[in-house]
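Please open the model in a viewer and keep the selection tool at hand. The tour proceeds by stops, each beginning with what to select.

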Amino acid sequence: MCGIVGFTGAAPAAPILLEGLRRLEYRGYDSAGVAVQHEGAIEMVKASGTVEHLAEMTSNGAALEGGCGIAHTRWATHGAPTDTNAHPHLSEDGRFAVVHNGIIENYAALRRELEGEGYSFASETDTEVVAHLLERYYDGDLRRAVMRTASRLEGSYVLGVLCACEPGRLFCVKEAGPLILGLGVDENYFASDVTALVGYTRNVIYLEDGEMAELTPESVTVYDRTGREIPKSVSHVVWDIEAAEKGGYEHFMMKEIMEQPRAVKSTIEPRIRSGRVELEGLDLTAEDFARFRRIVITACGSAYHAGMVGKYVIESLCRVPVEVDLASELRYRDPIVGEDTLLIVVSQSGETADTIAALRECKARGAYVLAIVNVVGSTIARLADCALYTHAGPEIAVATTKGYTTQLSALYLFAVWAAEKLGRIDEMRYNELVAELSALPARIQRAIDLNLHVKYLAGRWHAQRAMFFIGRNIDYAAALEGSLKLKEISYIHSEAYAAGELKHGTIALIDEGRLVVALCCQTALFEKMVGNIQEVKARGAKVLGLAPEGDRRIFAEADDVLFAPGGEPLFAAAPEIVPLQLFAYYVARENGCDIDKPRNLAKSVTVE
Ligand code: F6R
């Protein structure tokens with residue numbers, strides 16, 4: 001979703017800003033723009049289309065002189081993705097340029113007010129009101145003008161502000177949505193994502209909601225809403241630039257699929273010491289734990305699917321009731337949550353607007369919040385009572401892969417840890433599960449190695465108009481994720497169903513030649529799945545079966561077969577999703593889809 005970059009220093013700003021925008025492309029956008037200060041004026045270029053298009057229009061930035069500027073990639077919300085609606089937006093007198101992420105909820109009222117005063121608007125965006133407000137409030141003190149402007153805005157916003165008459169000076173404001181300051185030597189930056197900064201500096205400051213920063217080449221000063229200067233600590237980012245590059249793969253998605261054994265190892269290995277699961281930062285005692293009468297897991301999209309798997313695993317091992325709720329639903333349904341609730345929030349980015357809102361809602365009601373999150377220093381990590389980082393490294397492809405499997409790994413760790421704390425498993429079972437956790441990276445690697453023929457199968461099935469995924473229990477939860485992977489990157493309509501539910505309606509959709517992907521990795525339920533496979537075959541469906549490695553029974557049932565390495569069935573979702581990720585990838589590739597940046601999607605959904 002929208003990306004922001006700001007730079008001030010001695011070097012020409014535009015090429016640095018364009019490079020920053022390239023690093024933010026993965027977030028999803030439909031137009032881009034850049035503005036720099038030059039000889040007391042603002043020069044701006046913006047257009048719908050790609051950052052590359054913007055780079056061509058500006059000779060890769062060389063056409064714009066000046067060492068201080070702001071840039072933006074826009075994901076349209078208010079107004080179509082046109083050249084005019086692209087950011088930055090200028091004030092009427094041309095002295096102020098603004099970039100904005102988020103939504104200004106009271107923009108219509110502000111626009112009417114400003115129009116009443118004679119300001120005219122060039123775009124349909126909510127953002128343009130900010131530029132006009134800055135012009136109205138500026139009396140020679142830019143900080144005061146930014147503060148007064150921010151105090152008029154309602155909603156979620158991150159702003160970058162440039163003023164023609166304040167050489168080398170930038171402001172940025174955060175009110176919901178990520179914003180990070182990058183500290184260089186005689187140059188400073190801001191961006192909505194560390195990936196835009198790591199090529200230049202690893203020293204960063206994470207801003208909180210209600211904070212504003214003033215940047216010059218020599219200094220960075222952070223203020224609260226009242227304008228009081230506040231001290232901030234500097235963090236060091238461990239990701240390097242290579243981690244955010246394709247490394248020889250055609251797509252980030254394939255690179256990230258292949259990285260899963262290593263990523264899962266990074267989630268699990270540091271947390272197993274001398275055969276015990278140790279969750280640093282989660283210092284709940286067995287007594288603390290006993291006060292939780294229930295666990296609620298909340299998240300969006302694939303993270304929600306990971307939460308579904310978590311429910312099965314935690315309930316099975318800990319015998320505590322677990323509810324899984326979509327964050328966008330939980331936040332508005334007056335949830336029954338209190339001090340007896342452990343809320344587990346799952347998020348790769350840590351910046352998903354609905355997930356943040358659900359977290360806040362439950363925390364206000366007294367829930368203890370554990371975040372399972374990838375991005376260190378993200379909003380969710382900071383709002384939670386404790387965070388279990390997944391350490392997946394940067395995930396660039398819009399469709400999550402290693403984000404999901406590392407979330408599963410963290411949930412497995414938590415389940416085993418909690419089951420032992422609650423005394424719900426004996427030492428033998430505990431040791432067995434710890435050994436299974438340690439074996440998970442190898443199991444995922446084996447899942448990759450076993451499925452070299454997925455590309456061939458994708459060639460056979462890519463022309464389907466629709467597909468179905470069915471499974472029971474954990475296989476059902478994994479089916480939801482397999483189906484989402486397929487639809488989001490290949491645009492083939494696909495649905496996942498609990499296999500036992502088919503005959504309650506959905507089976508009416510099965511027609512001659514329709515592909516049904518049947519997940520059969522829960523061996524105890526294999527025979528039940530055979531029944532469901534026969535039901536769909538009797539109605540003309542073709543079946544792609546997914547079974548544990550070596551389980552030859554599947555050959556008698558399915559038309560085509562994929563395998564996932566066997567092992568602890570409770571942890572089956574992590575290896576079994578791998579062939580489904582590969583299947584979605586190759587089907588999308590066959591169909592010529594934009595795999596890393598599927599249409600209409602954004603990586604980090606920072607608006608509701
Ligand atoms: C799908 C996908 C999304 C995200 C969802 C939550 O491939 O990536 O469904 O899982 O938008 O994002 P995070 O985990 O960043 O909160």
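Which of the 15 residues around the ligand come nearest? The model on display is predicted. Select the ligand first; Ser-347, Gln-348, Ser-349, Thr-352 and Glu-488 are the residues that come nearest to the ligand.

**Stop one: polar contacts of the ligand**

Keep the ligand selected and add Ser-347. An N or O atom in the side chain of Ser-347 is 2.6 Å from an oxygen atom of the ligand. Next, add Ser-349, which has a polar side-chain atom 2.6 Å from a ligand oxygen atom. Finally, add Ser-302; here a polar backbone atom lies 3.1 Å from an oxygen atom of the ligand.

**Stop two: two points in the backbone**

Select His-87 and Pro-88, which are joined by a cis peptide bond with omega of about 0°. Pro-88 is found in the loop between β4 (68–74) and β5 (89–90).

Then move to Asp-334, in the loop between α10 (327–330) and β19 (341–347). Asp-334 is not a glycine, yet has a positive phi of about 45°.

**Stop three: α7 and α14**

Select residues 260–268, helix α7, together with residues 427–450, helix α14. The two axes come within 8 Å and cross at roughly 170°. Because angles over 145 degrees count as roughly antiparallel, α7 is roughly antiparallel to α14. To display the contact, show Gln-260, Pro-261, Val-264, Lys-265 and Ile-268 of α7. On the side of α14, show Leu-437, Leu-440, Pro-441, Ile-444, Gln-445 and Ile-448. The residues of this contact of α7 with α14 comprise 8 nonpolar, 2 polar and 1 charged.

**Stop four: α14 and α19**

Keep α14 and add α19. How are these two helices oriented to each other? Their axes come within 8 Å and cross at roughly 20°; α14 and α19 are therefore roughly parallel to each other. The crossing of α14 and α19 is right-handed. From α14, the contact involves Leu-440, Arg-443, Ile-444, Ala-447 and Ile-448, while α19 contributes Ala-574, Pro-575, Val-578 and Pro-579. By class, the contact of α14 with α19 has 8 nonpolar residues, no polar residues and 1 charged residue.

**Stop five: α15 and α19**

Keep α19 (residues 573–590) and select α15 (residues 454–461). At what angle do the axes of these helices cross? The axes come within 8 Å and cross at roughly 50°, which means that α15 is oblique to α19. The crossing of α15 and α19 is right-handed. In α15, the residues making the contact are Val-454, Lys-455, Leu-457, Ala-458, Gly-459 and Trp-461. In α19, they are Pro-579, Leu-582, Phe-583, Tyr-586, Val-587, Arg-589 and Glu-590. Sorted by class, this contact of α15 with α19 has 9 nonpolar, 1 polar and 3 charged residues.

Conventions
Residues are numbered from 1 along each chain as its sequence is written. This is a predicted model: local features need pLDDT of at least 70, side-chain atom pairs count only at pLDDT 80 or more; totals for chains, interfaces and linings use all residues. Side-chain values use heavy atoms; hydrogens and water are left out. Axes are lines fitted to C-alpha atoms, for helices over the stretch in contact, and angles run from 0 to 180 degrees between N-to-C directions. Helices (H or I, at least four residues) and strands (E, at least two) are DSSP runs, numbered from the N terminus. Angles under 35 degrees count as roughly parallel, over 145 as roughly antiparallel, 65 to 115 as roughly perpendicular and the rest as oblique. A crossing is left-handed if the near helix is turned anticlockwise from the far one by less than a right angle, and right-handed if clockwise. Contact means heavy atoms within 4.5 Å. Ala, Val, Leu, Ile, Met, Phe, Trp, Tyr, Cys and Pro count as nonpolar, Asp, Glu, Lys and Arg as charged, and the others, Gly among them, as polar. A residue is near a molecule or strand if one of its heavy atoms lies within 4 Å of it. A polar contact is a pair of N or O atoms within 3.5 Å; within protein, one must be able to donate a hydrogen and the other to accept it, and residues adjacent in sequence count only if both atoms are side-chain atoms.
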